[in-house]
Each structure stands twice: as C-alpha cells, then as structure tokens.
Amino acid sequence: MRVSNVTVRRRLIFVLVFGIAFFFVIYVRLGYVQFVLGDMLTDQALDSWSRDIPFEPKRGKILDRNDVVLATNISAPTVFVV
C-alpha cells in the first residue's frame with residue numbers, strides 16, 4: 001500500500017511541530033528552575049552540605065575476661081599515656 005506525499009508531509013510537519021513544542025516546554029521549565037528558583041535551591045543545598053550535627057558517641061569500657069575494667073573514658077583537659 002502506497003502513502004501519498006501529502007500524508008507524509010503532514011506527518012513530518014506534525015512530528016516537527018511536536019518536537020519543537022516539547023523542547024520549548026523543556027527550555028521554559030529549565031529557565032524557571034534556573035532563574036526563579038535558583039537562589040532558593042542554592043540556599044537549600046548550602047544548608048544541607050554545611051549542616052553541623054554534634055555527635056558524641058557513648059564509648060564502651062574495655063574489660064578483661066573477668067569483667068575487670070582495663071580502660072574507660074574520662075573527661076580531662078590533657079591526655080597522659082604510660
């Protein structure tokens with residue numbers, strides 16, 4: 001079955017117009033995100049990257065097999081090792 005040249009041209013024009021409209025919508029959305037939402041998204045990203053979360057783990061004691069404490073944590077201004 002043969003398709004006429006007019007039908008082929010209409011299909012090509014339809015695909016071309018659809019493609020141009022699709023990319024136009026993409027470019028408009030990209031511009032909106034870049035120029036309208038850009039500062040807000042940058043602030044959120046910087047806040048997320050530079051978040052300071054204090055983390056002080058509770059450390060366990062080092063025991064021998066008879067449950068005698070060999071080492072423990074003590075808050076001190078200096079550290080001394082023998």
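**Local environments and helix geometry in the predicted model**

Val-68 sits in the loop that joins strand S1 (62-63) to strand S2 (69-71). The model is predicted. Val-68 has a relative accessibility of 44%. It is therefore classed as partly exposed, since that class lies between the 20% limit for buried and the 50% limit for exposed residues. Beyond its neighbours within four places in sequence, Val-68 makes contact with Ile-62 and Leu-63. Strand S1 spans 62-63, so both partners of Val-68 are residues of that strand.

Asp-67 belongs to the loop between S1 and S2 as well. Its backbone stands out in one respect: phi is positive, at about 60°, although Asp-67 is not a glycine. The relative accessible area of Asp-67 is 59%. Asp-67 is exposed because this value passes the 50% cut-off. The loop between S1 and S2 thus holds an exposed Asp-67 and a partly exposed Val-68.

Confidence was examined for the chain and by element. The mean pLDDT of the chain is 86. A value of 70 or more is reached by 93% of the residues. Helix H1 (residues 5-36) has the highest confidence, at 95. The lowest is in S2, with a mean of 88.

The next results concern helix H1. The unreviewed UniProt entry lists residues 12-32 under "transmembrane region". In the model, this span is 100% helix and 0% strand. The C-alpha atoms at its two ends lie 30 Å apart.

A nonpolar patch is found on the surface. It is formed by Phe-14, Val-15, Phe-18, Phe-22, Phe-23, Ile-26, Tyr-27 and Leu-30. Together these residues have about 920 Å² of accessible area. One of them, Phe-23, is placed in helix H1. Phe-23 has a relative accessible area of 48%. That value is under the 50% limit for exposed residues, so Phe-23 counts as partly exposed.

Arg-10 is likewise a residue of helix H1. Its relative accessibility is 61%. Arg-10 is exposed because 61% is over the 50% cut-off. Arg-10 and Thr-42 are 32 residues apart in sequence. Their C-alpha atoms are 45 Å apart in space.

A second pair involves Asp-43, which lies in helix H2 (residues 38-49). Asp-43 has a relative accessibility of 52%. It counts as exposed because 52% is over the 50% limit. Along the chain, Asp-43 and Arg-9 are 34 residues apart. The separation between their C-alpha atoms is 49 Å.

Definitions and conventions
Residues numbered from 1 in each chain as written. Predicted model: local features only at pLDDT ≥ 70, side-chain atom pairs only at ≥ 80, totals over all residues. Heavy atoms only, no water. UniProt positions renumbered as here; feature names shortened; annotations may be inferred. Helix = DSSP H or I, 4+ residues; strand = E, 2+ residues; numbered from the N terminus. Buried < 20%, exposed > 50% of the residue type's maximum accessible area, 1.4 Å probe, protein only. Contact = heavy atoms within 4.5 Å. pLDDT = per-residue confidence, 0-100. Patch = residues over 30% accessible without salt bridge, like charges linked within 9 Å, V, L, I, M, F, W, Y side chains within 5 Å. Areas by Shrake-Rupley, 256 points an atom, 1.4 Å probe, with all protein chains shown as cover. Salt bridge = Lys/Arg side-chain N within 4 Å of Asp/Glu carboxyl O.
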